[in-house]
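Work through the exercises below with the coordinates open. Each task is followed by a solution in steps.

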Amino acid sequence: MSTQSRNAPCSCGSGKRYKHCCGQAAANDQPADTQQPALPDRPKKPLFALAPLPSQPDGRPVLSIVMPWFRKLADMRRVLPINALYFARSGIEVILVMDEPSEEQAVLELLNFYPDIRWQVVVNDQPHDWRPPCCAINVGLRHAQGDYVLVMSPESACVTDVPAAALRTLLEYPQAIALGQVGFACFEELESHLYTNPHLYRDHAAYLQQAQELARQFDCAVPDIFRIASFYGSICAPKAAFEAVHGYDENFTVWGGDDDNLRVRMELAGYQNLFCPHMRLLHLEDRLRRGGEQYDADDIFRKCAISTAQANDASWGQDFARVALCSGPIKNTTGIDWESSIRKTVPFIEPAKAGSRRRCSVCGNHQHYAKAFSCRHCEAGILGSAPTAQWKPRIACLMQLHDEERDLPGCLDHLAGYVDGIIALDDGSTDATAAILAAHPAVVECLHNPASSTREWNEPENRRRLLQKAQDLGYDWVLTCDADQRFERLFLEQIHELAGCFEPGKQAVLSLSMRELWDDPLQYRVDGLWGSKQTGCFFSVPKGSIHLPGTKAFHGDWFTDVLHEGGKIHRARFHLYHLKMVDKASRLERRDFYQRLDPANRLQQAGYDYLTDEGPELQLERIAPERAYDIDTLSERYRALIND
């Protein structure tokens, strides 16, 4: 799935930049950082003092550090001198999981400089393009000999004694996962360049200088305030926890969300997420990045709206298995027990109990973070506490129509009984549209434009008149719908409750997922932009004068400048199904129609050819029974397309 740049034209076709359109809803899709408990004070000097960590009595390591590897030699060569002091303890093994073989020989030569570290190197002999690190991490988990596993990137430098801090936390919280905090920086920002010395960890004074510089750089990269997004880049848990959920999900094919998904599944398996600000790492590369550049809200939602703990089948972690290097066991001759050593030498810093990123599969709300609204699925206890409706707003459905006699009767029927009234505008229809509206009991007002052979397309004015009428009639919220659209029952059944979660008069928009039905009225398209289309079709009626921003004849927003400037767009995951694309002939007709109206793509920079494109990436998803709409309201033409 492609990911949109914030400054690119929005994929929904509005013509606006993503950050000013659907990007607003994507941003609001994220939990606020202020909703977490206060974190402990950051230490004033670097926590780089080395805690003794002997091996277990049978020679096995206590902790296995798993590092997924895909062409990371240049970065690892510079980061390893920084991390070597923390890795060179008999109770730690470091597993490099190379997901392709091109750098194997150079890696083995590099590791020869660090004989004090217990190594495993596992190599995939099949060259391939980049893929998510899930398979590689799982291979590392399968090879791990320690009772605890720390997953981290080979280009992340330990600012504190991350391995010891993680183990100290898990000794106090054995049924938990410890999440480290990461900052991002460039190598060139480290002025001393001591990391170029592979023997740095044997020079105490130089190492102290480098550690202090790392700590200063971390403070610059990560503000001393709570930010959820900074707790990525490392995760430590009992090996049994990873095994309980079958490791990372190996079905993922695009960047992002694998950590979130793992956290959700571990929570489902009974493990508590812990934010551990004393586990600090600095992600170092030649080119600065901040993390999340490729963030895709829709993909993350799919990976976090899950209900089962286990991913993969019993063959997980067996994608490849050739061991290129494996240090032998290191017998513990010290007589020191590792647990006693860690408890004695590593101060315990209370972590912050963290919510996972688990999402409601119906409305998309986060489980552990404050919500502006809630659906019945949230309130059923699936996702903890949620706001409930405090009042019952009056809701009108607004419709602008032109020659819709075929689809209009069923659309009106599917809305009747859920909204308090329907306000329609007949935009110069020459068929029976006006008569159908006049006869339907749910229609409380019908506006008209005269029929004309040279019909002018003026959606902004039509919408303004409809909104003005809703305001005049005293409605609080409006729902917008076209004759060829159907809302899922789950949404219609609770629209008053959803709107009632917002204070009276509060300006807000609920953006729903637009599902384009494809080749069958019971399935929709999900690949590429088709899986991420959304529409702001449910919003509060503005007070005062009605003005719609922009001057586009079509593809504009329904909600007004009041909502654009002072309201908030909330991304809900309810489904709105669109019938206009269901068969190939209709798709061709729609493409040609818009190309005639907008031949220069002035109103939609992406053009309209995509409406008929399919290709090998076409993916269709069947409508789940619990997410159904009222198919009894479909015309015979559409019912004939249903493939049972």
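## Exercise 1: a buried loop residue

His246 has a relative accessible area of 14% and is therefore buried. The model is a predicted one.

Task: find the element that holds His246, and state the sign of its phi.

Solution.
- Step 1. His246 sits in the loop between helix H7 (239–244) and helix H8 (258–268).
- Step 2. Its phi is positive, about 65 degrees, although His246 is not a glycine.
- Step 3. As background, most residues other than glycine have a negative phi.

## Exercise 2: Asp519

Task: decide whether Asp519 is buried, partly exposed or exposed, and locate it in the chain.

Solution.
- Step 1. Asp519 lies in the loop between strand S16 (508–516) and strand S17 (523–525).
- Step 2. The relative accessible area of Asp519 is 37%. Partly exposed covers the range between under 20% and over 50%, so Asp519 is partly exposed.
- Step 3. The phi of Asp519 is near 65 degrees, a positive value in a residue other than glycine.

## Exercise 3: Arg587 and its contacts

Task: place Arg587 in an element, classify its burial, and list its contacts beyond four places in sequence.

Solution.
- Step 1. Arg587 belongs to helix H18 (residues 584–597).
- Step 2. Arg587 counts as buried because its relative accessibility is 2%.
- Step 3. With neighbours within four places in sequence left aside, Arg587 is in contact with Trp518, Asp519, Lys580, Met581, Val582, Leu611, Thr612 and Glu614. Asp519, the loop residue of Exercise 2, is thus among the contacts of Arg587.

## Exercise 4: Arg627 and Asn365

Task: for these two loop residues, Arg627 and Asn365, find the burial class and a polar partner of the side chain.

Solution.
- Step 1. Arg627 is in the loop between strand S20 (620–622) and helix H19 (636–639). Its relative accessibility is 9%, so Arg627 counts as buried.
- Step 2. Leaving aside neighbours within four places in sequence, the contacts of Arg627 are Ser361, Val362, Glu488, Leu490, Arg573, Phe574, His575 and Tyr577.
- Step 3. One of these, Glu488, is joined to Arg627 by a polar contact of 2.7 Å between the side chains.
- Step 4. Phe491 is 136 residues from Arg627 along the chain, and their C-alpha atoms are separated by 9.0 Å.
- Step 5. Asn365 is in the loop between strand S10 (352–354) and helix H11 (376–382). At 8% relative accessibility, Asn365 counts as buried.
- Step 6. The side chain of Asn365 reaches the backbone oxygen of Phe373 at 2.7 Å.

## Exercise 5: two packings of H2

Task: describe how H2 packs against H6 and against H3, and name the residues that meet.

Solution.
- Step 1. Two packed helices are described by the angle between their axes and the distance between the axes.
- Step 2. For helix H2 (residues 73–87) and helix H6 (residues 204–221), the angle is about 105 degrees and the axes are 11 Å apart. Angles of 65 to 115 degrees count as roughly perpendicular, and H2 and H6 are therefore roughly perpendicular.
- Step 3. On the H2 side, Pro81, Ile82, Asn83, Leu85 and Tyr86 meet Tyr207, Gln210 and Leu214 of H6.
- Step 4. For H2 and helix H3 (residues 104–111), the angle is about 5 degrees, with the axes 11 Å apart. Angles under 35 degrees count as roughly parallel, so H2 and H3 are roughly parallel.
- Step 5. Here Leu73, Met76, Arg77 and Leu80 of H2 meet Ala106, Val107, Leu110 and Leu111 of H3.

## Exercise 6: the buried side of H14

Task: check the length of H14, then find its buried residues and what covers them.

Solution.
- Step 1. Helix H14 (residues 459–472) has 14 residues and spans 20 Å from its first C-alpha to its last, close to the 20 Å expected at 1.5 Å a residue.
- Step 2. The buried residues in H14 are Glu459, Asn462, Arg463, Leu466, Leu467 and Ala470. They lie on the same side of H14 because they cover an arc of only 130 degrees around the axis.
- Step 3. The spacing has a general background: an α-helix has 3.6 residues a turn, so residues three or four places apart point the same way.
- Step 4. The cover over the buried residues of H14 includes strands S11 (395–401), S12 (421–427), S13 (443–449), S14 (477–480) and S18 (534–540).
- Step 5. At the N-terminal end, Asn458 caps H14, with a side-chain oxygen 3.3 Å from the backbone nitrogen of Glu461. After H14 comes Gly474, whose phi is positive, near 80 degrees.

Technical notes:
Residues numbered from 1 in each chain as written. Predicted model: local features only at pLDDT ≥ 70, side-chain atom pairs only at ≥ 80, totals over all residues. Heavy atoms only, no water. Helix = DSSP H or I, 4+ residues; strand = E, 2+ residues; numbered from the N terminus. Expected span 1.5 Å × (residues − 1). Buried < 20%, exposed > 50% of the residue type's maximum accessible area, 1.4 Å probe, protein only. Arc of directions from axis to C-beta. Contact = heavy atoms within 4.5 Å. Polar contact = N/O pair within 3.5 Å; in protein donor to acceptor, adjacent residues only side chain to side chain. Axes fitted to C-alpha atoms, helices over the stretch in contact; angles between N-to-C directions. Parallel < 35°, antiparallel > 145°, perpendicular 65-115°, else oblique.
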